[in-house]
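Student: Could you walk me through this one before I set anything up? I'd like to start with the strands and then move on to the cores.

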Amino acid sequence: MHNYIAVVFDNTSKAYEGLHALWQLDDAAEVTVHGTAVVHRDAMGNFQVDTKETHPALATAAGVGVGALLGLLAGPAGAAVGAAGGAAIGAAAGGAVGITADLVRADTRDQAAGETRFVLGAGQSAVIADVSEDWTSPIDTRMRSLGGIVYRRAKSDMEDDVWFDDYYIPSSYLYPYEYIPSSYYYSW
Amino acid sequence: MIRRDLEGFTGLVEIGGITMGRVYTSSPTGDHVMGKMDTNIKDSLDHIRAATQELHGAISDAATKRGGATKADLEALAQKAKAAAESAKASLGTQHDAAKKHLADAVTHLEATQKHVTESLKSSGQAFQTAVQKALADARASAQKVSEAVAAKRSAMSTKNPK
């Protein structure tokens, strides 16, 4: 099954440990990982996605793309706000993603179908990934052992979201390999 | 350059700027980490996957290079894209049915990547940026398609040989 997942950790070091573990599961052929990114939320509530130093146009695109993906993970209503927020903040500051998935969800509790209850709190980090998995237990078990909480939505469910269309490929801005910025390399 | 001559590998040997088979005690570089080659025997599809990941990383690096990518950088990228496309094409006939469609799509994206990189060599300014961004998008799409081919193959093998 083709799924998008968000694994929330209490700090950045744990998130990178989780990222590494995810690619290890791919290496062991337990799952297939198509793309990953690590996202942080600072104490002020701002979202930031770890990307390479990049051209401003690409940074803006990454902000839009990952912002939209976070919104999609939050649920159907979160998708539209995620895209808009990602566009606004991504355009203003390269790589920053400005969505408030938890606030979005607060307004959409009646639309629980398809929601993942995905919330990234202030100070937390998350691994966002596009994966194919025949069983959910390998990821769930491994991430739980690292202290992560896994949120999951099927790609097919996300495609049912109103605004989703063929021109938007959520995984486009995820790295198709394990990318760890040097500042985090030895932090775990 | 890393050369790997494994059975079933169809000839894509130049890996280039991304370190494959990295040991995690090595010096940190803040770069792509694809240390997947040491622990398992990989087949041609895995090598093509590594090649497309490498291609995406190299184009991404070229796009972010201070002062811009050089002509030599771009020529090397075009060669990488061409080599990856040829390897994928050559491998098509040997792949599991479930993986073939994805791999064929990947070939299309790899050929488009090569085309855009070649266009970037002949352009400048905004046209150059556009060509590089298109190349990056197609390289990403090719990596996705090969990865989906790997997933399809794994799923088919898993069904055939349940754990």
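**Strand β5 and the cores**

Tutor: Gladly, and please keep in mind that this is a predicted model. In chain A, strand β2, residues 32–41, pairs with β5(A) in the antiparallel sense over 8 bridges, and within that pairing A:V33 stands opposite A:V131.

Student: Which way does β1 of chain A pair with β5(A), parallel or antiparallel?

Tutor: Strand β1, residues 2–9, pairs with β5(A) in the antiparallel sense, over 8 bridges, and A:H2 stands opposite A:S132 there.

Student: How many residues of β5(A) are buried?

Tutor: The strand covers residues 125–132, and 8 of its 8 residues are buried. A:S125, A:V127, A:A129 and A:V131 point one way, while A:A126, A:I128, A:D130 and A:S132 point the other. In a regular strand the side chains alternate between the two faces of the sheet.

Student: OK, cores now. Which residues have the most contacts inside the largest nonpolar core?

Tutor: Those are A:V39, A:A126 and A:I128, in a core of 45 residues. Several elements of chain A, including β1, β2 and β5, each supply at least two of its residues, and α2(A) gives the most, with 7 residues.

Student: What does A:A126 touch?

Tutor: Leaving aside residues up to four places away in sequence, A:A126 touches A:A6, A:V7, A:V8, A:F9, A:A15, A:V39 and A:L120. A second, separate core has 34 residues, among them B:A84, B:A88, B:V117 and B:V132.

Student: Switching to chain B, how many residues of α1(B) are buried?

Tutor: In α1(B), 19 of the 21 residues are buried, and this helix, residues 44–64, reaches 30 Å from its first C-alpha to its last, close to the 30 Å expected.

Terms used. Residues are numbered from 1 along each chain as its sequence is written. Chains are lettered from A and ligands numbered from 1 in the order in which they are written. This is a predicted model: local features need pLDDT of at least 70, side-chain atom pairs count only at pLDDT 80 or more; totals for chains, interfaces and linings use all residues. A residue is buried if 20 or more other C-beta atoms lie within 10 Å of its own, exposed if 12 or fewer, and partly exposed in between; C-beta atoms are placed from the backbone. Helices (H or I, at least four residues) and strands (E, at least two) are DSSP runs, numbered from the N terminus. Two strands pair if DSSP finds at least two bridges between them. The expected span of a helix is 1.5 Å times one less than its number of residues. A nonpolar core is a set of buried Ala, Val, Leu, Ile, Met, Phe, Trp, Tyr and Cys residues joined through C-beta atoms within 7 Å. Two residues are in contact if their C-beta atoms, placed from the backbone, lie within 7 Å.
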